[in-house]
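Dear colleague,

I am handing over the structure below, since you will be working with it from here. Please look through it before reading my notes.

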Amino acid sequence: MVTVNTFKENKNKKKMTMLTAYDYMTAKNIDEAGIDSILVGDSLGMVMLGYKDTLKVTVDDMIHHGAAVVRGVENAFVVVDMPFMSYQTSVYDAVSNAGRIIKETGCQAIKLEGGRKFLPQIKAIVDAGIPVVGHLGLTPQSVNQFGGYKVQGKSKNQALELIKDCIALEEAGVFAITLECVPEKLARYITSILNVSTIGIGASNACDCQVLVWQDMTGYSDNKPAKFVKRYANLHDVEVEAFKKYKEEVENLSYPEKAHTYLINEEEFESAIKEFEENR
Ligand code: KIV
């Protein structure tokens, strides 16, 4: 089983893998493939619920999907995102919502976005015995502040702030930090000065672990992917083809075939019909 210690042990030794999942079946397949960790990301707002961003996702949404993922997993380490406004409002809200997520899903850790501004929340959650993953760089819950989904840390000031945030989060007790859309040199530098793992998404192969949204990397969605996404399959086309073929075969009676149908003993059938006809 992958634990927080696996992240520590693999730092500077072995690259780790993480994929998002939001349901039992996908989690089971990801676990079967030997992926180290699963993130139940608040990206579920977009890829599962059809929202335009992550802001409407609730703690109840995260718990519903997180618990389904945990039921599908034997080995992978499961992290569940804290959604928008579940920790920003107060230290009390942060600990109480992190506690609910852990208790009601059975996951091993929570992830939250933001730097030094949220140190009191992060410290309090860690003090409650809950492993925390930080999330810096492009933090999608602040999309309206960024004015869109943009690479972060490109200017001197941004880079400096990001480095300071990473160090502060490490000191506050996170065991890993997600770096989203961060230039390679900066991600490499941050990874080299931290003792905790970096989890990169659009942050180069310098990071200790990589994470991708499963619908992006399998081509399940036909949206234009972000620059950092590599498509390992084209599930969108495979699925739409299957749906079209099904429709065609139902319409032309080639599905269901004999092999898909159930039989009744001829005598039983005849006698049932006879009785029905006689009494109608
Ligand atoms: O919600 C999510 O899927 C994430 C990843 C993009 C890291 O936070």
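The notes that follow cover the domains, one helix and the largest pocket.

This is a predicted model, in which local features need pLDDT of at least 70 and side-chain atom pairs count only at pLDDT 80 or more, while totals for chains, interfaces and linings use all residues. Residues are numbered from 1 along each chain as its sequence is written, and side-chain values use heavy atoms, with hydrogens and water left out.

The chain is divided into domain 1 (4–233) and domain 2 (239–278), with bounds that come from an automatic or database domain assignment. Between the C-alpha centres of domain 1 and domain 2 there are 48 Å.

Helix 12 covers residues 266–279, helices being DSSP runs (H or I, at least four residues) numbered from the N terminus, as strands are (E, at least two). None of the 14 residues of helix 12 is buried, where buried means under 20% relative accessible area with a 1.4 Å probe, protein chains only. At the start of helix 12, a side-chain oxygen of Asn 265 comes to within 2.9 Å of the backbone nitrogen of Glu 267.

The largest pocket (an open set of points on a 1 Å grid over the protein atoms alone, where a 1.4 Å probe fits, with protein on both sides within 12 Å along at least five of seven lines) has lining residues with an atom within 4 Å of a point. Its lining has 34 residues, and Ser 43, Met 46, Glu 180, Val 213 and Asp 216 lie nearest the centre. Among the elements that give two or more residues to this lining are helix 3 (44–47) and strand 6 (176–180).

Best regards

Notes
Expected span 1.5 Å × (residues − 1). Buried < 20%, exposed > 50% of the residue type's maximum accessible area, 1.4 Å probe, protein only. Polar contact = N/O pair within 3.5 Å; in protein donor to acceptor, adjacent residues only side chain to side chain.
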